Amino acid sequence: MYFAALLARTEDGWEASDTELDDVETLSDLTDLAREASVDEDTVLVYIEQEDAWFGVVRVDGEEDPRIYISDASAAARSSYGEILLTDELLGREPGADDEIAALEELVDLDGTEDGEPDEAKDSADGRAGADDPDPDLDHDPDAVPAGPLGDIGVLADLGLSEKQLLTLRTDALVEIADALGAAEVLETVR
(Lines give C-alpha, C1' and ligand atoms only; values in the text may rest on other atoms or scores of the structure.)
Protein backbone atom coordinates (compact mmCIF):
# COMPACT_ATOMS: atom_id res chain seq x y z
CA MET A 1 0.00 0.00 0.00
CA TYR A 2 1.37 3.39 -0.99
CA PHE A 3 0.72 6.89 0.24
CA ALA A 4 1.95 10.00 -1.55
CA ALA A 5 1.60 13.63 -0.57
CA LEU A 6 2.80 17.01 -1.83
CA LEU A 7 3.83 19.77 0.57
CA ALA A 8 4.22 23.12 -1.18
CA ARG A 9 5.74 26.05 0.68
CA THR A 10 3.96 29.38 0.29
CA GLU A 11 4.43 32.78 1.89
CA ASP A 12 1.61 31.82 4.29
CA GLY A 13 3.13 28.48 5.28
CA TRP A 14 2.72 25.01 3.79
CA GLU A 15 -0.08 23.67 1.62
CA ALA A 16 -0.63 19.91 1.57
CA SER A 17 -2.34 17.69 -0.95
CA ASP A 18 -2.46 13.98 -1.47
CA THR A 19 -1.54 12.93 -4.94
CA GLU A 20 -2.07 10.03 -7.28
CA LEU A 21 1.04 8.64 -8.91
CA ASP A 22 -0.77 6.57 -11.55
CA ASP A 23 0.56 8.71 -14.42
CA VAL A 24 4.07 9.04 -12.98
CA GLU A 25 6.56 6.78 -14.72
CA THR A 26 9.85 8.67 -14.35
CA LEU A 27 11.58 11.06 -11.98
CA SER A 28 11.01 13.74 -14.59
CA ASP A 29 7.23 13.13 -14.40
CA LEU A 30 7.38 13.37 -10.61
CA THR A 31 9.42 16.58 -10.78
CA ASP A 32 6.91 18.10 -13.22
CA LEU A 33 4.07 17.16 -10.85
CA ALA A 34 5.88 18.95 -8.01
CA ARG A 35 6.58 22.04 -10.11
CA GLU A 36 2.89 22.28 -11.03
CA ALA A 37 2.06 22.44 -7.30
CA SER A 38 4.72 25.08 -6.66
CA VAL A 39 3.73 28.61 -5.70
CA ASP A 40 6.14 31.19 -7.16
CA GLU A 41 8.75 28.44 -7.77
CA ASP A 42 9.09 27.88 -4.02
CA THR A 43 9.99 24.55 -2.41
CA VAL A 44 7.79 21.51 -2.96
CA LEU A 45 8.30 18.21 -1.19
CA VAL A 46 6.96 14.97 -2.61
CA TYR A 47 6.61 12.27 0.02
CA ILE A 48 6.13 8.63 -1.03
CA GLU A 49 5.71 5.83 1.47
CA GLN A 50 5.27 2.11 1.11
CA GLU A 51 3.69 0.96 4.34
CA ASP A 52 6.31 -0.25 6.86
CA ALA A 53 8.94 -0.80 4.15
CA TRP A 54 10.45 2.52 3.02
CA PHE A 55 9.78 6.18 2.38
CA GLY A 56 11.25 8.71 0.02
CA VAL A 57 11.37 12.49 -0.08
CA VAL A 58 11.92 14.42 -3.29
CA ARG A 59 12.60 18.12 -2.91
CA VAL A 60 12.06 20.43 -5.86
CA ASP A 61 13.20 24.06 -5.60
CA GLY A 62 12.15 25.98 -8.71
CA GLU A 63 14.08 24.83 -11.76
CA GLU A 64 16.91 23.18 -9.78
CA ASP A 65 17.50 19.45 -10.08
CA PRO A 66 15.43 17.43 -7.60
CA ARG A 67 17.07 16.31 -4.38
CA ILE A 68 16.19 12.79 -3.25
CA TYR A 69 16.37 10.85 0.00
CA ILE A 70 15.25 7.22 0.38
CA SER A 71 15.05 5.53 3.79
CA ASP A 72 15.84 2.01 2.50
CA ALA A 73 17.13 1.75 -1.05
CA SER A 74 17.01 -2.05 -1.31
CA ALA A 75 13.34 -2.10 -0.21
CA ALA A 76 12.55 0.75 -2.63
CA ALA A 77 14.21 -1.16 -5.47
CA ARG A 78 11.50 -3.82 -5.14
CA SER A 79 8.81 -1.19 -5.64
CA SER A 80 7.64 0.43 -8.87
CA TYR A 81 7.56 3.87 -7.24
CA GLY A 82 10.90 3.27 -5.57
CA GLU A 83 12.49 2.46 -8.90
CA ILE A 84 11.46 5.92 -10.11
CA LEU A 85 13.54 7.50 -7.34
CA LEU A 86 16.55 5.20 -7.71
CA THR A 87 18.22 7.04 -10.57
CA ASP A 88 21.58 6.06 -12.04
CA GLU A 89 23.07 9.22 -10.53
CA LEU A 90 21.75 8.39 -7.05
CA LEU A 91 23.15 4.87 -7.33
CA GLY A 92 26.52 6.11 -8.62
CA ARG A 93 26.10 4.47 -12.01
CA GLU A 94 26.83 5.90 -15.41
CA PRO A 95 23.49 6.97 -16.94
CA GLY A 96 22.21 4.47 -19.48
CA ALA A 97 24.91 1.91 -18.63
CA ASP A 98 22.35 -0.84 -17.89
CA ASP A 99 20.73 -0.40 -21.30
CA GLU A 100 24.08 -0.50 -23.09
CA ILE A 101 25.25 -3.61 -21.21
CA ALA A 102 21.96 -5.43 -21.89
CA ALA A 103 22.22 -4.59 -25.59
CA LEU A 104 25.80 -5.85 -25.77
CA GLU A 105 24.96 -9.07 -23.95
CA GLU A 106 22.27 -9.79 -26.52
CA LEU A 107 24.76 -9.33 -29.36
CA VAL A 108 27.78 -11.11 -27.89
CA ASP A 109 28.32 -14.13 -25.66
CA LEU A 110 30.38 -12.43 -22.96
CA ASP A 111 31.30 -15.53 -20.94
CA GLY A 112 34.27 -16.25 -23.24
CA THR A 113 33.21 -19.72 -24.35
CA GLU A 114 32.62 -20.86 -27.89
CA ASP A 115 29.18 -22.07 -28.85
CA GLY A 116 28.82 -25.63 -27.60
CA GLU A 117 31.97 -25.51 -25.44
CA PRO A 118 31.17 -26.29 -21.79
CA ASP A 119 32.19 -23.71 -19.18
CA GLU A 120 34.25 -26.31 -17.26
CA ALA A 121 36.61 -26.66 -20.23
CA LYS A 122 37.45 -22.98 -20.05
CA ASP A 123 37.96 -23.17 -16.27
CA SER A 124 40.33 -26.13 -16.46
CA ALA A 125 42.14 -24.64 -19.45
CA ASP A 126 43.14 -21.55 -17.51
CA GLY A 127 44.10 -23.56 -14.42
CA ARG A 128 41.06 -22.90 -12.27
CA ALA A 129 38.75 -25.55 -10.93
CA GLY A 130 35.52 -23.65 -11.44
CA ALA A 131 33.35 -23.50 -8.32
CA ASP A 132 36.20 -24.69 -6.04
CA ASP A 133 38.06 -21.43 -6.64
CA PRO A 134 35.49 -18.62 -6.85
CA ASP A 135 36.60 -15.34 -8.35
CA PRO A 136 36.28 -12.65 -5.64
CA ASP A 137 35.35 -10.07 -8.28
CA LEU A 138 32.21 -12.07 -9.05
CA ASP A 139 30.94 -11.58 -5.48
CA HIS A 140 30.55 -7.82 -6.02
CA ASP A 141 27.51 -6.95 -8.10
CA PRO A 142 27.91 -3.40 -9.45
CA ASP A 143 24.16 -3.27 -10.08
CA ALA A 144 23.22 -4.19 -6.51
CA VAL A 145 21.23 -1.58 -4.63
CA PRO A 146 22.60 -0.91 -1.14
CA ALA A 147 20.47 -1.63 1.90
CA GLY A 148 19.62 1.32 4.11
CA PRO A 149 19.40 5.06 3.51
CA LEU A 150 20.49 6.55 0.22
CA GLY A 151 20.57 10.04 -1.19
CA ASP A 152 20.74 13.58 0.15
CA ILE A 153 20.50 13.29 3.94
CA GLY A 154 20.54 17.10 4.20
CA VAL A 155 17.43 17.44 2.01
CA LEU A 156 15.35 18.83 4.91
CA ALA A 157 18.07 20.30 7.15
CA ASP A 158 17.32 23.94 6.30
CA LEU A 159 13.60 23.29 6.83
CA GLY A 160 13.95 22.10 10.43
CA LEU A 161 14.77 18.37 10.22
CA SER A 162 18.44 17.58 10.77
CA GLU A 163 20.36 14.86 8.99
CA LYS A 164 20.52 12.81 12.20
CA GLN A 165 16.76 13.10 12.72
CA LEU A 166 16.05 12.08 9.11
CA LEU A 167 18.25 9.00 9.42
CA THR A 168 16.35 7.83 12.52
CA LEU A 169 12.89 8.02 10.92
CA ARG A 170 11.27 4.68 10.11
CA THR A 171 7.50 4.21 10.07
CA ASP A 172 5.05 7.09 9.89
CA ALA A 173 7.91 9.39 8.95
CA LEU A 174 5.60 11.90 7.26
CA VAL A 175 4.09 12.93 10.61
CA GLU A 176 7.52 13.69 12.05
CA ILE A 177 8.62 15.50 8.89
CA ALA A 178 5.44 17.60 8.89
CA ASP A 179 5.94 18.41 12.60
CA ALA A 180 9.49 19.62 11.93
CA LEU A 181 8.27 21.75 9.01
CA GLY A 182 5.35 23.18 10.96
CA ALA A 183 2.94 21.57 8.50
CA ALA A 184 1.28 18.97 10.74
CA GLU A 185 -2.15 20.65 10.70
CA VAL A 186 -2.33 21.03 6.93
CA LEU A 187 -1.12 17.48 6.48
CA GLU A 188 -4.01 16.17 8.57
CA THR A 189 -6.43 17.52 5.96
CA VAL A 190 -5.10 15.10 3.33
CA ARG A 191 -4.20 12.09 5.42
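Which residues are buried in helix H1 (residues 27-37)? In this predicted model, they are Leu27, Leu30, Thr31 and Ala34. Let's start with that helix and then turn to the aromatic pairs and to helix H9.

## Helix H1 and its cover

Looking down the axis of H1, you will find its buried residues within an arc of 100°, so they line one face of the helix. The spacing makes sense: an α-helix has 3.6 residues a turn, so residues three or four places apart point the same way.

Several elements help to cover this buried face. Strands E1 (2-10), E3 (43-50), E4 (54-61) and E5 (67-70) are among them, and so is helix H3 (80-85).

## An edge-to-face pair

The count of aromatic pairs comes to three. One of them joins Tyr2 and Tyr81 in an edge-to-face arrangement, with 4.7 Å from centre to centre and 90° between the planes. Because Tyr2 belongs to strand E1 and Tyr81 to helix H3, this pair ties together parts that are 79 residues apart in sequence.

How exposed is Tyr2? With a relative accessible area of 33%, Tyr2 is partly exposed. Tyr81 has a relative accessibility of 17%, so this residue counts as buried, the cut-off being under 20%.

## A tilted pair and a cluster

Now for Phe55 and Tyr69. Their ring centres are 6.0 Å apart and their planes meet at 50°, so this pair is tilted. Phe55 sits in strand E4 and Tyr69 in strand E5, and the pair links these distant parts of the chain, 14 residues apart.

Are these two residues, Phe55 and Tyr69, buried or exposed? Both are buried. They also belong to one aromatic cluster, in which Tyr47 joins Phe55 and Tyr69.

## Helix H9 and its end

Further along the chain, helix H9 (residues 173-181) has buried residues of its own: Ala173, Leu174, Ile177, Ala178 and Leu181. They cover an arc of only 130° around the axis, so they sit on the same side of H9.

What do the buried residues of H9 pack against? Their partners are strands E1, E2 (13-18), E3 and E4, together with helix H10 (184-188). E1, E3 and E4 also appear in the cover of the buried residues of H1.

Just after H9 comes Gly182, and here the backbone is worth a look: the phi of Gly182 is positive, near 80°.

Terms used: Residues numbered from 1 in each chain as written. Predicted model: local features only at pLDDT ≥ 70, side-chain atom pairs only at ≥ 80, totals over all residues. Heavy atoms only, no water. Buried < 20%, exposed > 50% of the residue type's maximum accessible area, 1.4 Å probe, protein only. Helix = DSSP H or I, 4+ residues; strand = E, 2+ residues; numbered from the N terminus. Arc of directions from axis to C-beta. Contact = heavy atoms within 4.5 Å. Phe/Tyr/Trp six-rings, centres within 6.5 Å; stacked < 30°, edge-to-face > 60°.
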